[in-house]
Amino acid sequence: MIHRPRFDPPPHIYPPDEWNLIEKRYMPALLEQGETMFALGNGYLGMRGCFEEGGPIGQNGTFINGFYESWPIVYPEDAYGLATAGQTIVNVTDSKIIKLYVDDEPFWLPHGNARSFDRRLNMKSGTLDREILWETPAGKQVSITSRRLVSFEHRHVAAISYEVTLLNAAAPVVLSSEMIANEPAPRRANYDPRQAKVFVEKVLNHRMSYAKEQRIVLCHATNKSGLIVACAIDHRLETTSRVTWNTKYTPDAGQAVATIDAEPGCPITLMKYMVYHTSQTAPPEEMCARAERTLDRAVAAGFPALLSGQEQYMNDFWQRSDVKVITNPARAKASTTAVQQAIRFNLFHVLQASARAENTGVPAKGLTGAAYEGHYFWDSEIYVLPFLTYTAPRIAKNLLRFRHGMLDKARERARQLNQRGAMYPWRTINGEEASAYYAAGTAQYHINADIMYALKKYIQATDEEEFLFDEGVEMLVETARLWRSLGYYSPRKGEQFSIHCVTGPDEYNTVVDNNVYTNLMARENLLYAAETVERVKQRRPDLYTALVHKTRLESSEVTEWKQAADRMYVPYDERLKINPQDDHFLEQEPWDFDRTPADKYPLLLYFHPLTIYRHQVIKQADLVLAMFLLGHEFDPDLKRRNFAFYDPITTGDSSLSACIQSIMAAEVDEMDKALEYAKAATLMDLGDVAGNVKDGCHIAAMGGVWMVLVYGFAGMRDYNGELCFWPSLPEVFHCVRFNLIFKGQTLEVDVGHEVTHYTLKSGKGLTIRHEGQVIELSPGTPSVQQPNGRPSKDVSLPKRA
């Protein structure tokens, strides 16, 4: 039996609420999971959901996207071209600490008598809220209310409102607001290659530190990467009671202590403002000045203004990005409220990982944890960019532009691999390859095509030809060159273009020949490159001349790209009538799932790689992913046969798999499986399906939740820049409704069982297809209603001749 993880979170932990993830009691057994799930971030700055009081802590973390330390990769047996330097995101200065003392007794959750407890991730306001009623050993009751935000509007700013009220007696109260750099990292309890490197040595080195009244500024720099970070905090305290302040600092820490003679019924409200700035070139003095200027503005605006800006940002986000569902109570085990909560939890964390990711990528864990070293993978382009392209195209463009900024290092990497063109790194922060295991890293050449695929989808959805001609075409030229130099015309394959020694998305089959996913995506890359170069030449001769000058492009190369694409080899087995995942996949021994106990998953933690590689077993959707991304390359019957063969041997050991399996199950009319996989994808973090949410959210899987709802159940396909819908709504849903931004226009789609409604909310006019039928939408007209359920569900387009 194939391993099937637990899908449901215990219902008593997080009560259903459409807009909040709520804890009703302190749960030490779920401490680390809570730190991930209640994390806040804006794509630039992220703070794990640790308690303000400085503990208890499982894995503390304050992260800045792209702020890393480098370290040498040491190989016992070295070889030419292997990656030489690793990069690991740094846990920077922790500034969120506010310790509370009443009658000189510390408030400490594990030992404190909390008469009531309510902590919630407020997804409507974009805040972390908490209310506690604490009774001290002396019987004094203390109300503690806090609200934390990491600002979307002001990317360098975070703030906390911390209110203390004595309810039944007077007492001295101390609030100690602290910041600390170089906190000791937790030791790994067990081996897991997905977790981050633990630095033994001190990572942040002191450059400057000083204090002014209740303001403290600390500035540090990394040893090897040469990055510098300035962190500054300031405070305002509102109370009618008498207050005294004492501020002190060291090279690695700062403390602003307020002592208050508190009276019952008189609130004490501390507003703490936190600012972070980073650079690779600016001196410490300038960094500290930047931090202080930002801090001045935040303090002058005040916490209410920051909160108002946060709520406005969130309101705009949900108007563009929300997916609303109504469940069928006769069929669904979960309520509409619970399902809506789970969907919004996923979308909210994707927002937090990407909103202000400017001149950076989206780390695999966002900024909720240090796992995967804070690296950027192909996840962004294939799983996160679809959501952003259709709901926040400006952010999608930022991420694609970041890849263009990596191009010079990608060219250098291609030369190291003895290839032409450019080779994007499999995992990276600074643009250099950081994967020490080339078989499951560098060999995943498909990342080039993944990035170009995302570029094509973005251009088709936005019609932003200027970006394509200015930056996109250069990436297309260099990636196409890579494919042409990597493959060859094989005499054994009838002179078809073959690509050997590559690894597809499935990391349980590495360094293979003619991986179908890779070959088809390479073909898409080659054709789009040729098409775009020819468009630039025809429409903008000036830009074409500049492109030729910059890349030394020859016209014969374009002809070679088209020829390689037209003669691309795609394996097909005549006996089974399926596509083998690669040339030799069907020759391998099937994995014995019946004799693999559930506690031996994921396989990568319990079996030697060679054991896995010699078997028919799949970590994550590979050929099945190709059928989704390039569905027009497969006819419906072939899709069904491929899915029937590959689905039973896919372990789902990757969080990236369930969403794709759900989409394709829906397309081939296996709705029970589609719903099962959708549930697994949606609860990947909320239900801790993979058992490692403590290390950070699975951001790509969260993007995949949107894909399940839009591409899976609403049946959207966007081949060749045209929106088509073939709805497949499970019986547990009554309807699914969402908005799409397409070519600058806003389309509302409301999918039911019998009919689908399409409404053009803004724009001049839009043409779409519903189950093959052309629909013309106009502004200001009622929604167009179309019946669902045409007899033939063929979402493919005619195959290329």
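A polar contact is a pair of N or O atoms within 3.5 Å; within protein, one has to be able to donate a hydrogen and the other to accept it, and residues adjacent in sequence count only if both atoms are side-chain atoms. One such contact, 3.1 Å, links the side chains of Gln59 and Asp695. Keep in mind that this is a predicted model, where local features need pLDDT of at least 70, side-chain atom pairs count only at pLDDT 80 or more, and totals for chains, interfaces and linings use all residues. Residues are numbered from 1 along each chain as its sequence is written, and side-chain values use heavy atoms, with hydrogens and water left out.

**Around Gln59**
- You'll find Gln59 in the loop between β3 (45–47) and β4 (62–64); strands (E, at least two residues) and helices (H or I, at least four) are DSSP runs numbered from the N terminus.
- Gln59 counts as buried because its relative accessibility is 16%; buried means under 20% relative accessible area, exposed over 50%, and partly exposed in between (1.4 Å probe, protein chains only).

**The β5 and β6 strands**
- Strand β5 (residues 68–72) pairs with β6 in the antiparallel sense, over five bridges; pairing takes at least two DSSP bridges between two strands.
- Trp71 has Gly86 in β6 as its bridge partner.
- β6 (residues 85–89) is mostly covered, with four of its five residues buried.

**Helix α18**
- α18 covers residues 699–713, and 15 of its 15 residues are buried.
- Just after α18 comes Gly715, with a positive phi of about 70°.

Notes
The expected span of a helix is 1.5 Å times one less than its number of residues.
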